[in-house]
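Me: I'd like to learn how to read a fold, one feature at a time. Could you walk me through it?

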Amino acid sequence: MISNSGVEYVLEAPISTSVRKEDDRMTYVNKGQFYTVSLDYIPDLCKPLKSPTVKSQLMIVFREDKTYEEEIKTWQFWHSRQHSVKQRILEIDAKNSSGMIGQIEEIAHNAVQFYWNPTEQSSVKISIAVQCLSTDFSNQKGVKGLPLHIQIDTYDENDNADVPFHRGYCQIKVFCDKGAERKLRDEDKRAQKRKLAGNCKNCS
């Protein structure tokens, strides 16, 4: 995940081998499959923690800037197509998560929060699953899916409870039926073809 010094976040999922100019690396995940996110504190002498316990909020958000009203409308559209109003966008496997102080709290359909001690705990691991596809936000078939972010905000509440002490995120694309693995295989095949084509040109 993209982040500065302070806290390192790692999503244990495959990363696209193809990167477009002026774009982030894309991480491919399968809908409903659980992946581990680890959080590790990296002491920053220029910005030390003031609280022994910090609060982290992990959420699924839209990559593109939207107004609050637009975001609510888009999530409501997704919920209207689900079998249950209780369906969550972000699922947590608490049994395979560790390092938190107390319980993981569900604060929204797309977000959870938890507390941890960065100076004493070597690493926090939280097991998450995304339950929406990137293409779930339109009635039209064949449209390009909305890019999503997994974002983590960590708060040092003794310093400022409203502004994150640290923020990290990564861009994800969500597939169904093991589509993430197929996408990676396709990218690898295209990369091999380009490499072979380049070698042939050099030989001629």
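**Reading strands, sheets and a helix**

Reply: Happily! Let's begin with a single strand: β1 has a covered face made of Val7, Tyr9 and Leu11, while Glu8 and Val10 form its uncovered face. Keep in mind that this is a predicted model.

Me: Before going further, how many helices and strands does the protein chain have?

Reply: The protein chain has 2 helices and 10 strands. Along the sequence they follow the pattern β-β-β-β-α-β-β-β-β-β-β-α. Of the 204 residues in the chain, 41% are buried. As for contacts between residues at least 6 apart in sequence, 70% of them join residues at least 24 apart.

Me: Back to β1, then. How do I read the way strands come together, and which strand does β1 pair with over 5 bridges?

Reply: The general idea first: strands of a sheet pair through backbone hydrogen bonds, either parallel or antiparallel. Here, β1 pairs with β3 over 5 bridges in the antiparallel sense. Within that pairing, Glu8 has Asp40 as its bridge partner in β3.

Me: In what order do the strands of that open sheet run?

Reply: The order is β1-β3-β8-β5, an open sheet of 4 strands with antiparallel pairing. β1 (7-11) and β5 (90-98) are at the edges with a single partner strand each, so one side of each has no neighbour in the sheet. From one strand to the next, the twist averages 25°.

Me: How many bridges hold β3 and β8 together in that sheet?

Reply: Strand β3 (residues 35-41) pairs with β8 over 5 bridges, again in the antiparallel sense. A good residue to follow is Ser38, which sits in β3 and has Lys125 in β8 as its bridge partner.

Me: Is Ser38 buried or exposed?

Reply: Ser38 counts as buried, because its relative accessibility is 6% and the cut-off for buried is under 20%. Leaving aside residues up to four places away in sequence, Ser38 touches Glu8, Tyr9, Val10, Ser123, Val124 and Lys125.

Me: And on β8, what can I learn from Ser127, which is placed in that strand?

Reply: β8 covers residues 124-130, with Ser127 among them. Ser127 is buried, with a relative accessible area of 4%. Its C-alpha atom is 6.0 Å from that of Phe34, although the two residues are 93 apart along the chain. Again not counting residues up to four places away, Ser127 touches Phe34, Tyr35, Thr36, Glu91, Ile92, Asp93, Asn96 and Ser97.

Me: Now a helix, please. Why might residues three or four places apart point the same way?

Reply: An α-helix has 3.6 residues a turn, so residues three or four places apart point the same way. In this model, α1 (residues 68-80) is 13 residues long and reaches 18 Å from its first C-alpha to its last, close to the 18 Å expected at 1.5 Å a residue. The buried residues of α1 are Thr74, Trp75, Trp78 and His79. Viewed down the axis of α1, these buried residues fall within an arc of 140°, so they line one face of the helix. Glu69, Lys73, Gln76 and Ser80 are exposed on the other side of α1.

Me: What covers the buried residues of α1?

Reply: The cover includes β4 (54-62). That strand is worth tracing further: β4 joins β9 through 8 bridges, running antiparallel, and it pairs with β7 over 6 bridges, also in the antiparallel sense.

Me: How many residues of β9 are buried?

Reply: In strand β9 (residues 148-155), 8 of the 8 residues are buried, so β9 is largely enclosed by the rest of the structure. Leu148, Ile150, Ile152 and Thr154 point one way, and His149, Gln151, Asp153 and Tyr155 point the other way. Ile152 of β9 stands opposite Leu58 and also opposite Gly168 in β10. Strand β10 (residues 166-175) pairs with β9 over 7 bridges in the antiparallel sense.

Me: And on the β7 side, which residue stands opposite Lys55?

Reply: Tyr115 in β7 stands opposite Lys55. Of the 6 residues in strand β7 (residues 111-116), 5 are buried, so β7 too is largely enclosed by the rest of the structure. β7 also runs antiparallel to strand β6 (residues 101-108), joined to it by 4 bridges, with Glu105 opposite Gln113. A hairpin joins β6 to β7 through 2 residues.

Notes:
Residues are numbered from 1 along each chain as its sequence is written. This is a predicted model: local features need pLDDT of at least 70, side-chain atom pairs count only at pLDDT 80 or more; totals for chains, interfaces and linings use all residues. Side-chain values use heavy atoms; hydrogens and water are left out. Buried means under 20% relative accessible area, exposed over 50%, partly exposed in between (1.4 Å probe, protein chains only). Contact means heavy atoms within 4.5 Å. Two strands pair if DSSP finds at least two bridges between them. Axes are lines fitted to C-alpha atoms, for helices over the stretch in contact, and angles run from 0 to 180 degrees between N-to-C directions. The expected span of a helix is 1.5 Å times one less than its number of residues. The arc is that of the directions from the helix axis to the C-beta atoms.
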